[in-house]
Amino acid sequence: MEETATIFSDETALRDFIHGRGHGVKGLADRAVPKVPQKYVRPPHERIVEHARRGPTPPHLYDQLHQPISLKALLDGSDDDREVVVDKIVRAAEALGYFQVVDHGVPIELLEAVKCSIHEFFQQRAEEKLVHSTGKIATYRTSYVSEKEPVWDWRDSLTLSYTNDAEAMENWPTVCKEIMLEYMKASSKMSATLVEALLGKLGGTVDERRFEGLTGHKVVHMNYYPPCPNPELTTGTRCHSDKSLITALLQDRVGGLSVKAATDVYGVKKGDWIDVPPVEGALVINVGDVMQILSNGRYKSPEHRVRTSRNSSRISVAVFTNPVMSENIGPLPQTITEANGVAFYREFVYKDYLVNYVTTVHTGKRPLDFAEIDNHA
């Protein structure tokens with residue numbers, strides 16, 4: 001009890017408990033803290049207020065917002081059937097930037113094994129997780145850039161960077177490396193098919209070398225959100241967009257993910273938050289910042305966030321398909337032509353964008369400011 005009291009009253013002690021000794025947010029939840037420490041309290045405008053969230057989705061809008069897209073025809077169907085699926089994917093990427101998919105080629109048994117593997121990692125003792133707190137190939141942490149963030153997220157995470165199998169087997173945690181490697185490969189194959197479909201609808205061609213440059217770096221990001229005594233004061237993950245080309249997310253049955261509408265669409269107003277309900281066997285796909293830039297803004301990289309739960313823990317795992325560090329990023333030529341010769345984003349090397357993203361205390365879409373061109377200046 002004395003240690004808990006010290007944690008609440010002293011930020012240095014809290015940082016040491018969470019980060020220095022590896023207890024993470026789970027350590028606070030395990031001690032049944034009666035309230036969240038001040039370091040986790042969001043300013044009022046960033047809180048997820050329950051009564052302000054949208055109510056149940058009207059039945060006539062459910063299909064457009066939540067009905068999963070079957071990828072069966074995209075993966076093994078006829079050309080005509082494939083085009084029907086591609087059109088659905090493109091419409092979703094243009095409207096909200098996210099959609100759910102089923103019949104995606106990743107076995108359901110593997111999805112369940114992944115969930116079990118996530119629990120197994122985060123249920124380890126603090127000292128076992130702490131081994132990975134300073135790694136670059138496997139990194140255990142709680143908030144994203146804790147030393148720069150004025151408020152921390154109520155979650156613990158493990159980030160696994162992939163270059164090759166040998167490096168992953170040597171550096172990824174023993175309790176999850178085999179399952180996560182298998183899952184990363186299976187979901188990445190699906191993501192590559194989606195990327196081909198989305199880029200194909202932008203016109204022009206992307207050759208094999210360019211495609212590999214745009215998709216050549218994979219990152220697996222595991223999240224654990226412990227029960228929270230004050231869900232109304234904090235967030236599991238703050239509002240942000242992804243720095244990826246495309247993201248595939250597996251979430252459990254608890255839910256908590258929501259995305260922000262970038263425009264008025266499907267009866268939803270710009271700025272409204274839309275809950276993403278868990279669908280058994282589905283993966284959530286969202287457009288990343290890189291895809292928005294390549295499409296010159298045609299596809300939307302959605303802002304999204306995760307709320308906490310008072311009574312339940314939540315897990316998820318995202319597989320980010322990213323460009324390699326040296327890849328040049330900018331609007332594809334054909335997208336500029338379609339916009340009457342106007343480019344809304346400048347060209348840059350992906351490494352520079354990543355450095356900006358990591359060093360920025362990212363709230364909402366601020367990292368995209370790095371690439372945007374002010375055409376009204």
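A residue is called buried here when its relative accessible area is under 20%, and in this predicted model His-304, with a relative accessible area of 9%, is therefore buried. This histidine is found in strand S11, and its surroundings make a convenient place to begin. The side chain of His-304 makes a polar contact with the side chain of Asp-242, at 3.3 Å, while a polar atom of that histidine side chain also lies 2.9 Å from the backbone oxygen of Pro-302. When neighbours within four places in sequence are left aside, the residues in contact with His-304 include Arg-238, Cys-239, His-240, Ser-241 and Asp-242, and also Leu-257, Trp-273 and Asn-286.

From this histidine we can turn to the nonpolar interior. In soluble globular proteins, nonpolar side chains tend to be buried together. Here the largest nonpolar core has 71 residues, and those with the most contacts inside it are Trp-172, Met-180, Tyr-183 and Met-222. Helix H10, which spans residues 177-200, gives the most to this core, contributing 10 residues. Trp-172 shows what such a position looks like in detail: beyond its neighbours within four places in sequence, this tryptophan is in contact with, among others, Ile-137, Ala-138, Leu-160, Tyr-162, Met-180, Leu-181, Met-184 and Val-220. Apart from the core around Trp-172 lies another core, of 18 residues, and among them are Leu-96, Leu-257, Val-306 and Ala-318.

Strand S2, made of residues 98-102, is mostly covered, since 4 of its 5 residues are buried. Strand S1 (residues 69-70) pairs with S2 in the parallel sense over 2 bridges, and within this pairing Ile-69 has Val-101 of S2 as its bridge partner. Strand S10 (residues 283-287) pairs with S2 in the antiparallel sense, over 4 bridges, and in that pairing Phe-99 stands opposite Ile-285 of S10.

Charged side chains add another kind of link, and a search of the whole structure finds 22 salt bridges. In one of these, the side chains of Glu-11 and Lys-39 meet at 3.5 Å, N to O. The pair links distant parts of the chain, for Glu-11 belongs to helix H2 (residues 11-20) whereas Lys-39 sits in the loop between helix H3 (24-30) and helix H4 (59-65), 28 residues apart. The two partners are also covered to unlike degrees: Glu-11 is partly exposed, with a relative accessible area of 43%, but Lys-39 is buried, with a value of 13%.

A further salt bridge joins Glu-232 to Arg-310, with the closest N and O atoms 3.4 Å apart. Because Glu-232 lies in the loop between strand S5 (217-225) and strand S6 (237-240), and Arg-310 in the loop between strand S11 (304-306) and strand S12 (314-322), this pair ties together parts that are 78 residues apart in sequence. Glu-232 is partly exposed at 37% relative accessible area, and Arg-310 is likewise partly exposed, at 46%.

Some salt bridges share partners, and in this way Arg-42, Glu-46, Glu-149, Asp-153 and Arg-238 are joined into one network. Within the network, Arg-42 forms a salt bridge with Glu-46, the closest N and O atoms being 3.0 Å apart. Arg-42 counts as buried because its relative accessibility is 3%, under the 20% limit. Arg-238, a member of this network, also leads back to the starting point, as Arg-238 is one of the residues in contact with His-304.

Notes. Residues are numbered from 1 along each chain as its sequence is written. This is a predicted model: local features need pLDDT of at least 70, side-chain atom pairs count only at pLDDT 80 or more; totals for chains, interfaces and linings use all residues. Side-chain values use heavy atoms; hydrogens and water are left out. A salt bridge is a side-chain nitrogen of Lys or Arg within 4 Å of a carboxyl oxygen of Asp or Glu. Buried means under 20% relative accessible area, exposed over 50%, partly exposed in between (1.4 Å probe, protein chains only). A nonpolar core is a set of buried Ala, Val, Leu, Ile, Met, Phe, Trp, Tyr and Cys residues joined through side-chain atoms within 4.5 Å. Contact means heavy atoms within 4.5 Å. Two strands pair if DSSP finds at least two bridges between them. A polar contact is a pair of N or O atoms within 3.5 Å; within protein, one must be able to donate a hydrogen and the other to accept it, and residues adjacent in sequence count only if both atoms are side-chain atoms.
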